[in-house]
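User: I have a model open and would like to go through a few points of its structure. Please keep the answers short.
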Amino acid sequence: MKIDHSQPLEYSTHKNEMNILGFWIFLGAEIMLFATLFTSYFIYENRVGNGPSGAEIFEITPVLIETVVLLTSSFTIGLAINAMRLNRPKAMLWFLGITLILGATFLSVEIYEFVHYYHVGATLQTSAFTGILLTTLGTHGAHVTFGLFWGIAIFLQIKKHGLTPETANKSFNYSLYWHFLDVMWIFIFSFIYLKGMM
Amino acid sequence: MEFFERFAIPHPDPMIYASMVAIVLVSIAIVAGLTYFKKWGYLWDEWLTTTDHKRIGIMYLISALIMLFRGGADAVMMRVQLSSPEMEFLNAQHYNEVFTTHGVVMIFFMAMPFVIGLMNYIVPLQIGARDVAFPRLNALSFWLFFAGAMLFNISFVIGGSPDAGWTNYFPLASNEFSQSVGVNYYMWALQISGIGTLMTGINFIVTIFRMRAPGMKLMKMPLFTWSALITNVIIVFAFPVLTVALLMGTFDRQFGTSFFATGNGGMDMYWANLFWVWGHPEVYILILPAFGIYSEIISTFSERNLYGYKSMVASMVLISLLSFFVWVHHFFTMGQGALTNSIFSITTMAIAIPTGIKIFNWLLTMWKGKIRFTVPMLYSVAFIPLFTVGGVTGVMLAMASADYQYHNTMFLVAHFHNTIIPGVVYAMLAGLTYWWPKMFGFILNERIGKWAFWFNVVGFVLAFFPMYITGLDGQARRMYTYSESTGFGPLNMLSFAGAGLMAIAFILIAYNIFYSIKNSPRNVGDDPWNARSLEWATHNPVPEYNFAITPEVNSSQALWDHKKKSHTLFKGKIDKIHMPNNSGIPIIMAGILFVFGFSFVFSIWPAVIIAAIAFFSCMLYSSFENDHGRYISAEEVKETEEKFGGAKK
């Protein structure tokens, strides 16, 4: 394995560089996935059948908590990668840990939010609108859940092996993934919640 | 016993029972054979766990050929049923199941793996690489495709076939109108194999962008590699749409949502939109690699460099862009209004322009060339006029107002078979024959191949051209029978005869493989066709590391330069070579997803949950696994090179 020391650790081998390009292309596919979900959401937005509309069920408080928590976690994963570039694995693990805790917090609030929807009678089956709302949010939530497990795996690997070209590469891709989920949430916040509450 | 009742087939038929017996017997025979000849270890070590792009390519091709016969048998059944009026060979339900299966199998499990199989084998060789960017992911892609294909193929003996057409339009595909689990199978089989395809897309884009031989600029890639690159870009952008559509369809059928329902806020037309937003790019995913293969073959057997290389690339890029803006032409009659129809009418017709450019480029490549009519070249030459007919009828269908006459008639069926068979199927047969000596070291018998070719072409014309006429006269597609007074009888009988000839052609092709394995001479050399591109610059058959020394190139026809302009391909000396290790993880993960899909189809939730946990555990295991591959030492490489007849210059 040839290591190019003029590059940051995560780019230092040909394999690493290909991993990162591949991951960017994967994120391109993910953008198409969410774009399809958003399009579907806009199509079903007003097709509420006998069920409630967005304005009737959205609650601003949990949504704001989720937004602040997730945006902060996007910042902390950025700090983690910065610490990685400065070759400070301990600081990096701290920031990665904080990111994971914030992610878990986000997920708990989202679960609370889903329970709330269930209690006000907005389930998957209620109408096409509630169906696509929960599918879109659920897809994002499932991505965050997957991200939590992935993050834990990376945390343990860095703890065991330190910062190597491999662990740095994984962490970097993970940070891309996490930022991506954050961007998707910004769209969800703006075009689902804010638009729905207006 | 109540638990097992769900696995019963809803519409029993003696033919299905016969198939069950056949499946069981064949499975027992395979297991017994493998055990008796002690081949389990060989199978596992050399094939099932392989990460070698060449072996994965061959496994794709074998699967595609098997599926070709499965889908072909369905086609013959349909032609028998329609051969004369009021035929009672299949009933309406069985006919629905057969045409659905035919469509899905041919598109997803025949054409797709055929295309991806050839890409797998050829693209790394054409760009001078030792493997794809992510070899293990490549194996996973194959096994996911295979799991999806198997899931789809067991549907007709366990629980019932899907019966809502390969397009699976709602509300016909909803629980109300399609009560068996068939459509659930459709959803999960396509979902699983679709994820595999998406990963292939990512893998090949990175491979082509990052692993080309020194000197091979983008505009110096062979045309087949260009077509593969563009195809994979389409895959990455189109398949996520299918993922969402299938997910929503699954939710509608199994979790009671109302996305595609007619009430409760649902919109049945939305499925058709989502399906074709993926579906139209999909047909270009199939045809662009075919164009690439024809470009290689026509240039090789005309002994001329490809006319209009740059315009070939530009037209493929243009086709790929346009392919995302034409989906509405599949349902002009759904009533979206004149303006929308007009826009999509124009975008559809626009595709004829880049395609026309390509046709002229192929013709001009042959102009004044020294043409050798080998089997691959015959298919390529037949493709040009036949595909043009398909293209012209496509422009007819693109006229929104006229489409009200053609919509859902046999005219449409004739049109798309006229593009897919001479376009994709002939390309696959041509490509398989052309690259066969690359894969196996001997040429398929040309005489039998030519017989098969003529049966194929004559059979195709007889089978599908009559449908243009019956379609214009109003014979609807997907109708299991018609009355004598319609007058469709004689032309349908002609179609049946054509289908028979095509069946003979494919049997001849299969026979040719067996015949050539036994009888073809093995000393054909490394470049039997006097070809032009890099895949022929290595040994024949190819050693596992492809090239002992990474080649250096300065045009899209590296080997031709080597032969005619004494360009040195392999500079430097032999060094140790890094190769990926085999891995059992891909096939295990695909097996788990098969169980997941099967349990989901029948709503057996505990098994679904266990399979999901097992799947993610495999991912976690892979994450912690430390696999850095292995090295083949320089001595070992030298030894192998000697065995293959000396190092290459």
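User: Does Thr419(B) count as buried or exposed?

Analyst: This is a predicted model. Thr419(B) is found in helix 15 of chain B. Buried means under 20% relative accessible area. Thr419(B) has 15% relative accessibility, so the residue counts as buried.

User: Which backbone oxygen does the side chain of Thr419(B) reach?

Analyst: Leaving out residues up to four places away in sequence, Thr419(B) touches Ile287(B), Phe387(B), Gly390(B), Gly391(B) and Val424(B). The side chain of Thr419(B) also comes to 2.9 Å from a backbone oxygen, that of Phe416(B).

User: Are helix 9 of chain B and helix 15 of chain B oblique or parallel to each other?

Analyst: Helix 9 covers residues 268–302 of chain B and helix 15 covers residues 410–440 of chain B; their axes lie 9 Å apart at an angle of about 50°. An angle under 35 degrees would count as roughly parallel, and 65 to 115 as roughly perpendicular. The two helices of chain B, 9 and 15, are therefore oblique.

User: What is the handedness of the crossing of helix 9 of chain B and helix 15 of chain B?

Analyst: Residues that meet there include Ile287(B) and Tyr294(B) from helix 9 of chain B, and Thr419(B) and Tyr434(B) from helix 15 of chain B. By class, the contact has 15 nonpolar, 4 polar and 1 charged residues. The crossing of helix 9 of chain B and helix 15 of chain B is left-handed.

User: How many helices are there in chain A?

Analyst: Chain A has 198 residues, of which 55% count as buried. Along the sequence its pattern reads α-α-α-α-α-α. With 0 strands, the count of helices in chain A is 6.

Note on methods:
Residues are numbered from 1 along each chain as its sequence is written. Chains are lettered from A and ligands numbered from 1 in the order in which they are written. This is a predicted model: local features need pLDDT of at least 70, side-chain atom pairs count only at pLDDT 80 or more; totals for chains, interfaces and linings use all residues. Side-chain values use heavy atoms; hydrogens and water are left out. Axes are lines fitted to C-alpha atoms, for helices over the stretch in contact, and angles run from 0 to 180 degrees between N-to-C directions. Helices (H or I, at least four residues) and strands (E, at least two) are DSSP runs, numbered from the N terminus. Angles under 35 degrees count as roughly parallel, over 145 as roughly antiparallel, 65 to 115 as roughly perpendicular and the rest as oblique. A crossing is left-handed if the near helix is turned anticlockwise from the far one by less than a right angle, and right-handed if clockwise. Contact means heavy atoms within 4.5 Å. Ala, Val, Leu, Ile, Met, Phe, Trp, Tyr, Cys and Pro count as nonpolar, Asp, Glu, Lys and Arg as charged, and the others, Gly among them, as polar. Buried means under 20% relative accessible area, exposed over 50%, partly exposed in between (1.4 Å probe, protein chains only). A polar contact is a pair of N or O atoms within 3.5 Å; within protein, one must be able to donate a hydrogen and the other to accept it, and residues adjacent in sequence count only if both atoms are side-chain atoms.
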